[in-house]
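Q: I am new to this structure and would like a close look at a single part of it. Please begin with the nonpolar patch on the surface, and then follow the contacts from there in one connected account.

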Amino acid sequence: MTISPRKLNMFLLFKLPAAYFCGVRTTALDDTSCKVSVKHRWINQNPFNSMFWAVQGMAAELTTGALVMSKIKASGQNISMLVANNNASFTKKATGRITFACDQGAKVDEAIKNAIATGEGQTVVLNSKGINKEGVQVSDFNFEWTLKVKS
(Lines give C-alpha, C1' and ligand atoms only; values in the text may rest on other atoms or scores of the structure.)
Protein backbone atom coordinates (compact mmCIF):
# COMPACT_ATOMS: atom_id res chain seq x y z
CA MET A 1 0.00 0.00 0.00
CA THR A 2 1.44 3.37 -0.99
CA ILE A 3 1.17 6.59 0.94
CA SER A 4 -1.06 9.14 -0.79
CA PRO A 5 -2.25 12.66 0.08
CA ARG A 6 -5.70 11.31 0.96
CA LYS A 7 -4.25 8.65 3.29
CA LEU A 8 -2.01 11.25 4.94
CA ASN A 9 -4.99 13.51 5.56
CA MET A 10 -6.90 10.63 7.17
CA PHE A 11 -3.78 9.86 9.23
CA LEU A 12 -3.87 13.47 10.47
CA LEU A 13 -7.50 13.19 11.48
CA PHE A 14 -6.90 10.11 13.64
CA LYS A 15 -3.28 10.50 14.81
CA LEU A 16 -2.63 14.28 14.74
CA PRO A 17 -6.06 15.87 15.17
CA ALA A 18 -4.62 19.28 16.14
CA ALA A 19 -3.05 19.56 12.68
CA TYR A 20 -6.22 18.34 10.98
CA PHE A 21 -8.55 20.74 12.79
CA CYS A 22 -6.16 23.64 12.14
CA GLY A 23 -6.59 22.95 8.41
CA VAL A 24 -3.26 21.30 7.52
CA ARG A 25 -3.80 19.24 4.34
CA THR A 26 -1.44 17.31 2.07
CA THR A 27 -2.06 18.35 -1.52
CA ALA A 28 0.65 16.44 -3.41
CA LEU A 29 3.16 13.67 -2.76
CA ASP A 30 5.43 11.97 -5.25
CA ASP A 31 8.88 10.38 -5.34
CA THR A 32 10.74 13.68 -5.04
CA SER A 33 8.47 16.17 -3.30
CA CYS A 34 5.57 16.83 -0.97
CA LYS A 35 3.26 19.84 -0.74
CA VAL A 36 1.04 20.76 2.18
CA SER A 37 -1.40 23.66 2.35
CA VAL A 38 -3.01 25.48 5.26
CA LYS A 39 -5.32 28.48 5.23
CA HIS A 40 -5.19 31.22 7.86
CA ARG A 41 -8.41 31.00 9.86
CA TRP A 42 -9.65 31.94 13.30
CA ILE A 43 -8.69 28.56 14.79
CA ASN A 44 -5.03 28.79 13.73
CA GLN A 45 -4.31 32.49 14.23
CA ASN A 46 -2.14 34.26 16.77
CA PRO A 47 -3.04 37.54 18.57
CA PHE A 48 -1.47 39.49 15.68
CA ASN A 49 -4.02 38.22 13.14
CA SER A 50 -1.64 35.95 11.26
CA MET A 51 -1.05 32.21 11.28
CA PHE A 52 0.44 30.87 14.52
CA TRP A 53 4.04 29.74 14.05
CA ALA A 54 3.29 26.23 15.38
CA VAL A 55 0.63 25.65 12.71
CA GLN A 56 3.18 26.60 10.08
CA GLY A 57 5.60 24.21 11.77
CA MET A 58 3.11 21.33 11.63
CA ALA A 59 2.57 21.88 7.92
CA ALA A 60 6.29 22.24 7.21
CA GLU A 61 7.20 19.15 9.23
CA LEU A 62 4.55 17.14 7.40
CA THR A 63 6.15 17.92 4.03
CA THR A 64 9.47 16.50 5.19
CA GLY A 65 8.04 13.69 7.32
CA ALA A 66 5.72 12.43 4.58
CA LEU A 67 8.68 12.16 2.21
CA VAL A 68 10.66 10.21 4.81
CA MET A 69 7.69 7.93 5.59
CA SER A 70 7.02 7.18 1.93
CA LYS A 71 10.70 6.44 1.23
CA ILE A 72 10.94 4.13 4.26
CA LYS A 73 7.80 2.29 3.11
CA ALA A 74 9.23 1.94 -0.41
CA SER A 75 12.51 0.54 0.95
CA GLY A 76 10.75 -2.40 2.58
CA GLN A 77 13.02 -2.05 5.62
CA ASN A 78 12.08 -1.50 9.25
CA ILE A 79 13.57 1.97 9.79
CA SER A 80 12.89 4.35 12.67
CA MET A 81 12.61 8.09 12.08
CA LEU A 82 12.80 10.97 14.53
CA VAL A 83 13.24 14.73 14.35
CA ALA A 84 16.47 15.51 16.23
CA ASN A 85 16.57 19.24 15.60
CA ASN A 86 14.73 21.99 13.78
CA ASN A 87 14.93 25.71 13.17
CA ALA A 88 12.79 28.26 11.42
CA SER A 89 12.75 31.83 10.23
CA PHE A 90 9.72 33.98 9.51
CA THR A 91 9.99 36.72 6.92
CA LYS A 92 6.44 37.93 6.34
CA LYS A 93 3.06 37.83 8.06
CA ALA A 94 1.34 34.53 7.16
CA THR A 95 -2.22 35.26 6.02
CA GLY A 96 -4.39 33.61 3.40
CA ARG A 97 -3.42 30.20 2.04
CA ILE A 98 0.17 29.15 2.71
CA THR A 99 1.70 26.25 0.78
CA PHE A 100 4.71 24.41 2.16
CA ALA A 101 6.90 22.35 -0.11
CA CYS A 102 9.87 20.04 0.28
CA ASP A 103 11.52 18.71 -2.88
CA GLN A 104 14.46 16.83 -1.41
CA GLY A 105 13.40 13.22 -1.95
CA ALA A 106 16.84 12.38 -3.36
CA LYS A 107 18.49 13.34 -0.05
CA VAL A 108 16.15 10.97 1.78
CA ASP A 109 16.95 8.17 -0.70
CA GLU A 110 20.66 8.64 -0.03
CA ALA A 111 20.26 8.64 3.75
CA ILE A 112 18.12 5.48 3.68
CA LYS A 113 20.57 3.79 1.35
CA ASN A 114 23.45 4.62 3.71
CA ALA A 115 21.49 3.50 6.79
CA ILE A 116 20.76 0.13 5.17
CA ALA A 117 24.31 -0.33 3.87
CA THR A 118 26.12 0.60 7.09
CA GLY A 119 23.58 -0.36 9.72
CA GLU A 120 24.37 2.95 11.42
CA GLY A 121 22.04 5.84 12.09
CA GLN A 122 21.97 8.59 9.50
CA THR A 123 20.87 12.19 9.66
CA VAL A 124 19.37 14.23 6.86
CA VAL A 125 18.39 17.91 6.99
CA LEU A 126 15.32 18.71 4.93
CA ASN A 127 14.00 22.17 4.12
CA SER A 128 10.41 23.31 3.69
CA LYS A 129 9.45 26.81 2.59
CA GLY A 130 6.07 28.44 3.20
CA ILE A 131 4.83 30.49 0.25
CA ASN A 132 1.69 32.65 0.21
CA LYS A 133 -0.74 32.96 -2.73
CA GLU A 134 1.22 35.94 -4.09
CA GLY A 135 4.33 33.74 -4.34
CA VAL A 136 6.10 35.47 -1.43
CA GLN A 137 8.00 33.33 1.07
CA VAL A 138 6.62 33.76 4.59
CA SER A 139 8.64 31.12 6.46
CA ASP A 140 11.56 28.73 6.08
CA PHE A 141 11.91 25.55 8.15
CA ASN A 142 14.76 23.04 8.48
CA PHE A 143 14.20 19.64 10.07
CA GLU A 144 17.05 17.28 10.97
CA TRP A 145 15.70 13.73 10.69
CA THR A 146 17.54 10.73 12.13
CA LEU A 147 17.05 7.39 10.43
CA LYS A 148 18.14 4.03 11.79
CA VAL A 149 17.49 0.48 10.67
CA LYS A 150 15.81 -1.39 13.50
CA SER A 151 17.40 -4.69 14.46
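A: The model shown here is a predicted one, and the nonpolar patch on its surface is a convenient place to begin. Phe21, Trp42 and Ile43 together make this patch, which covers about 410 Å². Of these residues, Ile43 belongs to the loop that lies between β2 (34-39) and α3 (53-75), and its relative accessible area of 43% places it among the partly exposed residues, because that class runs between the 20% below which a residue is buried and the 50% above which it is exposed.

Phe21, another member of the patch, leads on to the aromatic contacts, of which a search of the whole structure finds 5 pairs. In one of them the rings of Tyr20 and Phe21 have centres 5.6 Å apart and planes at 85 degrees, so this pair is edge-to-face, given that planes over 60 degrees apart are counted that way. Tyr20 is itself partly exposed, with a relative accessibility of 22%, and its ring has a charged neighbour as well, since the charged end of Arg25 sits over the ring of Tyr20 at 3.8 Å from the ring centre.

A further aromatic pair has another geometry: Phe141 and Phe143 are stacked, with 6.0 Å from centre to centre and 5 degrees between the planes. Both of these residues are buried, Phe141 with a relative accessible area of 2% and Phe143 with a relative accessibility of 3%. They also belong to one aromatic cluster, which is formed by Phe90, Phe100, Phe141 and Phe143.

Phe141 also gives a way into the strands, for it is a residue of β6 and stands opposite Ala88. Strand β6 (residues 137-149) is joined to strand β3 (residues 79-90) by 11 bridges, and these two strands run antiparallel. Strand β6 also pairs with strand β5 (residues 122-131), again in an antiparallel arrangement, here through 10 bridges. Within the pairing of β5 and β6, Val125 stands opposite Glu144 of β6. The two strands make a hairpin with 5 residues between them, and in this hairpin Gly135 takes a positive phi near 85 degrees.

Val149, a residue within the range given for β6, comes close in space to a residue from another part of the chain: its C-alpha is 6.3 Å from that of Ala115, although the two are 34 residues apart in sequence. Ala115 has its place in helix α4 (residues 105-118) and counts as buried, with a relative accessibility of 0%.

The charged side chains remain to be described. Side chains of opposite charge can pair when their charged atoms come close. The count for this model comes to 3 salt bridges. In one of them the side chains of Asp31 and Lys71 meet, with 2.9 Å from N to O. This pair links distant parts of the chain, as Asp31 is in the loop between β1 (25-29) and β2 while Lys71 is in helix α3, 40 residues apart. The partners fall into opposite classes of accessibility: Asp31 is exposed at 55%, whereas Lys71 is buried, with a relative accessible area of 5%.

Lys71 takes part in another salt bridge, in which its side chain meets that of Asp109 at 3.1 Å, N to O. Because Asp109 lies in helix α4 and Lys71 in helix α3, this pair ties together parts that are 38 residues apart in sequence. Asp109 is partly exposed, with a relative accessible area of 34%.

The hairpin strands described earlier carry a salt bridge too, with the side chains of Asp140 and Lys129 meeting at 3.3 Å, N to O. Asp140 is in strand β6 and Lys129 in strand β5, and the two are 11 residues apart. Asp140 counts as buried at 16% relative accessibility, while Lys129 is partly exposed, with a relative accessible area of 32%. As for how the salt bridges connect, those that share partners join Asp31, Lys71 and Asp109 into one network.

Definitions and conventions: Residues numbered from 1 in each chain as written. Predicted model: local features only at pLDDT ≥ 70, side-chain atom pairs only at ≥ 80, totals over all residues. Heavy atoms only, no water. Patch = residues over 30% accessible without salt bridge, like charges linked within 9 Å, V, L, I, M, F, W, Y side chains within 5 Å. Areas by Shrake-Rupley, 256 points an atom, 1.4 Å probe, with all protein chains shown as cover. Salt bridge = Lys/Arg side-chain N within 4 Å of Asp/Glu carboxyl O. Helix = DSSP H or I, 4+ residues; strand = E, 2+ residues; numbered from the N terminus. Buried < 20%, exposed > 50% of the residue type's maximum accessible area, 1.4 Å probe, protein only. Pairing = 2+ DSSP bridges. Phe/Tyr/Trp six-rings, centres within 6.5 Å; stacked < 30°, edge-to-face > 60°. Lys NZ or Arg CZ within 6 Å of the ring centre and 35° of its normal.
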